[in-house]
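Let's take a friendly walk through this model together. Have the structure open as you read.

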Amino acid sequence: MKKYIFIFFVLFYADIGLAHSHYPITRDSLEAIKNGKVLYNQYCASCHQPNLAGAANWQGLDEDGHRKAPPLNGTGHTWHHTDELLHRMIKYGFVKLIKNYEGKMMGFGDKISDEGIDNILSYIKSYWKDDIYEYHLEMSK
Ligand code: HEC
């Protein structure tokens, strides 16, 4: 019995190790950025805009009373969240993170793979100023 508990813990920690091993997400790979851009334009640009600047007057509400898509280009607060949280926001949407969420940021986990989501994050980071990018790398370690 003890042996099984031991194995369970080994697997559990190995899994955590694996899950975190690819953070922080960098913008070092042009391949990743290119792929991220294709996915971004397909799935995200309609709300966050092709240049990542977010909706016009994004701090206000839209005609349905929902929040508008914020900029992802480093001028908003995207970089205040770790890679892990950003990944989860994109994968599961805000529905899984905020109780009774009724806004428009839905999850893309059924359309985009984990790797694709991380590629999008590489692309998003390619827009960030160096100081924000460096800060975020430290924070996401
Ligand atoms: C239908 C419009 C829409 C689409 C499509 C969309 N988003 Fe969003 N997104 C939003 C809205 C609205 C918010 C703000 C959520 C809120 O506060 O209710 C948001 C928030 C976010 C945030 C949090 C930003 C921050 O500064 O806190 C990230 C990251 C994000 N979206 C990434 C993406 C990515 C990546 C895609 C494409 C895979 C995407 N979104 C597609 C509307 C959209």
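The report below covers the ligand site and then the salt bridges.

**The ligand and its surroundings**

Please keep in mind that this is a predicted model. The ligand sits in the largest pocket. A shell of 23 residues surrounds the ligand, and the closest are Cys44, Cys47, His48, Arg67 and Met105. Sorted by class, this shell holds 15 nonpolar, five polar and three charged residues. Two helices, helix 3 (45-48) and helix 4 (83-92), each supply at least two residues of the shell.

His48 deserves a second look. It is listed with the closest residues, and an N or O atom in its side chain is 2.8 Å from a nitrogen atom of the ligand. Two other side chains, those of His77 and Tyr101, approach oxygen atoms of the ligand: for His77 the separation is 3.5 Å, and for Tyr101 a polar side-chain atom lies 2.6 Å away.

**Salt bridges**

How many salt bridges does the count come to? The count comes to six salt bridges, and the table shows some of them.

| Acidic partner | Basic partner | N to O distance |
|---|---|---|
| Asp130 | Arg27 | 2.7 Å |
| Asp62 | Lys104 | 2.7 Å |
| Glu138 | Lys141 | 2.8 Å |

Start with Asp130 and Arg27, whose side chains meet in a salt bridge. Asp130 lies in helix 6 (residues 130-140) and Arg27 in the loop between helix 1 (2-21) and helix 2 (30-43), so the pair ties together parts that are 103 residues apart in sequence. Asp130 is exposed, because its relative accessible area of 54% is over the 50% cut-off.

Next come Asp62 and Lys104, whose side chains also meet in a salt bridge. This pair links distant parts of the chain, with Asp62 in the loop between helix 3 and helix 4 and Lys104 in the loop between helix 4 and helix 5 (114-125), 42 residues apart. Is Asp62 buried or exposed? At 15% relative accessibility, Asp62 counts as buried, because the value is under 20%. Lys104, at 44% relative accessibility, counts as partly exposed. Through salt bridges that share partners, Asp62, Asp64 and Lys104 are joined into one network.

Finally, there is the salt bridge between Glu138 and Lys141, with the closest N and O atoms 2.8 Å apart. Both Glu138 and Lys141 are exposed.

Definitions and conventions:
Residues numbered from 1 in each chain as written. Predicted model: local features only at pLDDT ≥ 70, side-chain atom pairs only at ≥ 80, totals over all residues. Heavy atoms only, no water. Near = heavy atom within 4 Å. Polar contact = N/O pair within 3.5 Å; in protein donor to acceptor, adjacent residues only side chain to side chain. 1 Å grid on protein atoms, 1.4 Å probe; cavity = no way out; pocket = protein on both sides within 12 Å on 5 of 7 lines; lining within 4 Å. Sits in = over half its atoms within 2 Å of the grid points. Helix = DSSP H or I, 4+ residues; strand = E, 2+ residues; numbered from the N terminus. Nonpolar A, V, L, I, M, F, W, Y, C, P; charged D, E, K, R; others polar. Salt bridge = Lys/Arg side-chain N within 4 Å of Asp/Glu carboxyl O. Buried < 20%, exposed > 50% of the residue type's maximum accessible area, 1.4 Å probe, protein only.
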